[in-house]
Amino acid sequence: MSGLYVLGGRQKKLRLKTEEEWNLYEAALLIELNIETGKAEKRVEYRTPADVRAGDNASHLFKAGTLIDNLLYTCTSTEVLIFRLPEFTQIGYVSLPCFNDLHHVTPSSDGNLLVANTGLDMVVKFTREGEMLKVWSVLEEDPWSRFSKTVDYRKVASTKPHQSHPNFVFELDQVPWVTRFRQRDAICLAQPEKRIDIAVQTPHDGVVREDQVYFTTVNGCVVIANRHSLKVDQVIDLKEIDDQKSLLGWCRGLLPVDERRVWVGFSRVRKTAFTENVLWVKNVIREGMGEKPTHIALYDIVDKRCLAEFDVEPYGLNVVFSVFPAFH
């Protein structure tokens with residue numbers, strides 16, 4: 001593997017330091033990083049059209065996606081986009097009125113699409129042409145008990161605070177699962193009693209590799225669970241590997257390479273009015289501790305070593321959501 005795709009966004013030059021995420025980013029970006037030279041090139045810069053965003057000040061940002069063969073599936077807060085690689089030709093697009101603060105999209109095993117519709121605490125299944133097939137609440141409630149089918153939520157700047165904040169969708173045995181930020185777990189949407197407890201902190205990614213599911217937690221842990229027992233087998237604290245020397249950042253974006261190496265993304269922590277989202281920082285910050293820029297790092301999780309690290313801020317990325325192997 002000589003290259004990586006890194007997805008996220010470029011931050012605006014702020015007038016107010018407490019600007020929220022839904023107003024914070026001026027462009028969705030995808031860069032290709034050469035891990036041998038450390039140099040990167042911009043492959044995609046994208047802005048959400050005015051008719052499917054909340055207003056002129058709304059963020060433009062790529063959230064988490066999925067790479068399968070030569071097709072890259074990604075999302076903004078209100079859209080799903082499909083790119084054919086390596087040309088980065090856009091070949092698919094869906095935006096539905098119920099979309100608000102999307103966090104991740106992935107193809108389902110039956111060829112449709114699944115999205116974590118974070119702003120409405122739900123997961124939506126739909127065709128590539130945009131026909132809605134199924135909606136699941138990630139809580140024990142009717143999906144529309146707190147929301148309206150007649151509202152265009154793409155035009156709503158934020159529905160925070162969220163009661164669950166689902167982040168990442170994956171399938172086990174062709175059945176969809178989702179990570180839940182507030183509940184610190186992943187649940188089976190068909191049988192919610194089936195659950196993976198991710199107690200160490202609030203999770204984001206849920207990446208399936210062979211018999212294991214790899215999760216990130218925002219405070220800098222990689223949690224590995226067995227897909228059959230649904231029990232956590234291992235927790236790797238990346239802060240300990242870094243020897244607590246600096247604040248790593250908001251941990252999100254995960255690419256397992258093999259049984260011992262994983263790429264992990266970190267976004268520089270910013271001040272936010274929704275302080276409950278970053279309370280974990282108070283538990284890890286130490287006097288004199290520095291703050292790392294937005295970066296990605298390769299870890300040996302067996303020998304507990306950081307093998308490589310790349311600052312992506314010089315290439316315009318101030319937030320990272322996904323890391324993928326470059327397609328050639």
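This report covers one open sheet, the cysteines, two nonpolar cores and a histidine in a predicted model.

**The sheet**

Four strands make up an open sheet, ordered β3-β2-β1-β26. Their pairing is antiparallel. Strands β3 (40–46) and β26 (319–325) are the edges, and each of them pairs on one side only. From one strand to the next, the twist averages 25 degrees.

Strand β1 (residues 3–11) and strand β2 (residues 25–34) run antiparallel and are joined by nine bridges. Across this pair, Arg 10 stands opposite Ala 27 in β2.

**Cysteines**

The model has zero disulfides, counting cysteine sulfur pairs within 2.5 Å. Cys 306 is in no disulfide. Its nearest cysteine sulfur belongs to Cys 251, 12 Å away. That pair does not count as a disulfide because the cut-off is 2.5 Å.

Burial values for two cysteines and one histidine are listed here.

| Residue | Relative accessible area | Class |
|---|---|---|
| Cys 188 | 2% | buried |
| Cys 306 | 36% | partly exposed |
| His 204 | 2% | buried |

Why does Cys 306 count as partly exposed? Its relative accessibility is 36%, and the class runs between 20% and 50%, so Cys 306 falls inside that range.

**Nonpolar cores**

The largest nonpolar core holds 23 residues. Val 222, Leu 238, Val 264, Phe 266 and Tyr 299 have the most contacts inside it. At least two core residues come from each of β18 (221–226), α2 (238–241), β21 (250–256), β22 (261–267), β24 (295–300) and β26. Strand β22 gives the largest share, three residues. Strand β26 thus appears twice in this account: as an edge of the open sheet and as a supplier of this core.

Phe 266 has many neighbours beyond four places in sequence. On one stretch, Phe 266 touches Leu 248, Gly 249, Trp 250, Cys 251 and Arg 252. Other contacts of Phe 266 include Leu 238, Pro 293, Thr 294, His 295, Ala 297 and Tyr 299.

Another core, of 20 residues, lies apart from the largest one. Among its members are Leu 102, Phe 126, Trp 144 and Phe 147.

**His 204**

His 204 sits in strand β16 (residues 203–209). Is this residue buried or exposed? His 204 is buried, because its relative accessible area of 2% is under 20%. Leaving out residues up to four places away in sequence, His 204 touches His 103, Asn 167, Phe 168, Thr 179, Thr 216, Arg 252 and Phe 321. Arg 252 is also touched by Phe 266.

Conventions
Residues numbered from 1 in each chain as written. Predicted model: local features only at pLDDT ≥ 70, side-chain atom pairs only at ≥ 80, totals over all residues. Heavy atoms only, no water. Pairing = 2+ DSSP bridges. Axes fitted to C-alpha atoms, helices over the stretch in contact; angles between N-to-C directions. Buried < 20%, exposed > 50% of the residue type's maximum accessible area, 1.4 Å probe, protein only. Core = buried A, V, L, I, M, F, W, Y, C linked by side-chain atoms within 4.5 Å. Contact = heavy atoms within 4.5 Å.
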